[in-house]
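Okay, hi everyone, thanks for making room for me today. Let me put the structure up, and then I'll walk you through a couple of spots in it.

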Amino acid sequence: MKSVWDFFEEITRIPRPSKKEEKMRAWLRSTAEAMGLESEEDEAGNVLIKKEASDGREREDAVALQAHMDMVCEKEDNVSHNFETDAIAHHEEGGWIVSEGTTLGADDGIGIAIILSLLADEELSHPRLECLFTVDEETGLYGATNIRRGWLTAKTLINLDSEEEGEFVIGCAGGRDTLIEIEAENERVTNRQVMEIRIEGGMGGHSGEDIDKGRANAIQEMARLLGTLTEEGADIRLAEVNGGNLRNAIPRSCVARIGVTERDVPSVQDTVEQFAKDIKKHFAVEEKTLNLSVEHVSNAETRFLTAECTTAVIQALARCPHGVLKMDEHVEGLVRTSTNLAAVHTHTTDHNTTLAIETSQRSSVEEEKTWASEETKKAFEGLNAKVETGKDYPGWEPDWDSLIIKRFERVWKELTGKEARIKVIHAGLECGVLKGSYKDMEMISVGPTMTGVHSPSERVEIASVERTREAVARALAMND
Ligand SMILES: [Zn+2]
């Protein structure tokens, strides 16, 4: 019988960026076929593998097991890796599986591996199983959102996309993206020294789960630095500012190009150096590799934002909120509402400079999600900004009395002697979306212990994978 690790090993060799899951889809279907199981695919690209109940359990309702196919593709700047073709290099280290400069894809490859190992297990007692593998979770839960209607008949769903063993998630925040586009005027300016300021090596992390960890947002720090320069009276003009990558990640780097008059070069350099020391101090505990540098790149004349637009854009970026906005009243330590200033990209033509700013908000309270989005928009008022709402999905409200939760509490106690920890989280989960289509389905989200998810330091703890698999197996075996 193939183990979780046999399946995971194969999964690490299958490229699967969000929206490009075709290789994974094909592999899942051929793996099902090799096990003699039926599989189907819906219009969104999700895959469903079904297995009949084990002997004597044919009359019970089906249980759905669910994980997502895609993975976040993040790597260290100095690592060359093509996420569309290359296998994920990884090794074992002190009881963990770790990757080598890229995301590992244990989120959610390990969830898939656990489900497949359960399907491969002929000893397991279980009701009818509907194993759902969704596409495009990481960019906005799109697979779950567009799942074929009425596909599942299960009355219970176990999602395998959580990140801490023994911690069972029974509710989550909803989210919304707020996208801002600014058209700024530019002009050709001569006699400027072009300087490039780089903020790099931030820890980044997940825009929900890590939002309360006090980590640096490279774009926000850049805006603060540029703001300091203008406040100190330096005559600077912005050419471009680019940073961040994914809407659900805290930006780890940001690069700005500015034009500085000859006279102001030394004072700009001084201010940047001072600022570099300040942020090192400010983020001394968590951020070990955060680095700020400035380099004189050329004297070639180029296009810069007008003086007025330079100031306005810098001020708006510096005003844009980021981080925790409200904590939950009921659950200690739970963030209720937050916002992430995720990315900024500059596009320059002969007349205009367009800045596209991507932000995302999360809240378990629907009205606060709207409020957080409005607060973000406000930062860009007066700039003639175009504002759009991107993906927008509801939260998953906890049902504290559900049977599946009680089963996992029992199983965990039996298995480890420890109490299960029941949690509501500040991140989007597919359960929230699926709950929209399957209102009466009981749900729970479980998973082994992982750290550094969505960043190149992602790792998964080996023993926790085995315990989590066993917990799911035992929960399926229960039929009280
Ligand atoms: Zn995930």
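**A helix on a sheet, and a helix pair**

So, let's start with helix 11, residues 462–477: this helix lies across strand 5 and strand 22, and its direction is at about 60° to strand 22. Just keep in mind that what you're looking at is a predicted model.

What are those two strands doing underneath? Strand 5 covers residues 96–99 and strand 22 covers residues 459–461; they run antiparallel, and 3 bridges join them. If you want one pair to click on, try I97, whose bridge partner in strand 22 is V460.

Now zoom out a bit. Strands 5 and 22 belong to an open sheet of 4 strands, and the order is 4-5-22-21, with antiparallel pairing. Which strands sit at the edges? Those are strand 4 (90–93) and strand 21 (450–451), and each of them pairs on one side only.

Okay, second spot: helix 5, residues 218–231, and helix 6, residues 265–282. Their axes come within 10 Å and cross at roughly 140°. Because of that angle, helix 5 counts as oblique to helix 6. And the crossing of these two is right-handed.

So who's touching whom? From helix 5 we have E221, L225, T228 and L229, and they meet V268, T271, V272, F275 and I279 of helix 6. Sort the residues of that contact by type and you get 6 nonpolar, 2 polar and 1 charged.

That's my tour, so go ahead and spin the model around yourselves.

Terms used:
Residues numbered from 1 in each chain as written. Predicted model: local features only at pLDDT ≥ 70, side-chain atom pairs only at ≥ 80, totals over all residues. Pairing = 2+ DSSP bridges. Contact = placed C-beta atoms within 7 Å. Axes fitted to C-alpha atoms, helices over the stretch in contact; angles between N-to-C directions. Parallel < 35°, antiparallel > 145°, perpendicular 65-115°, else oblique. Left-handed = near helix turned anticlockwise from the far one by under 90°. Nonpolar A, V, L, I, M, F, W, Y, C, P; charged D, E, K, R; others polar.
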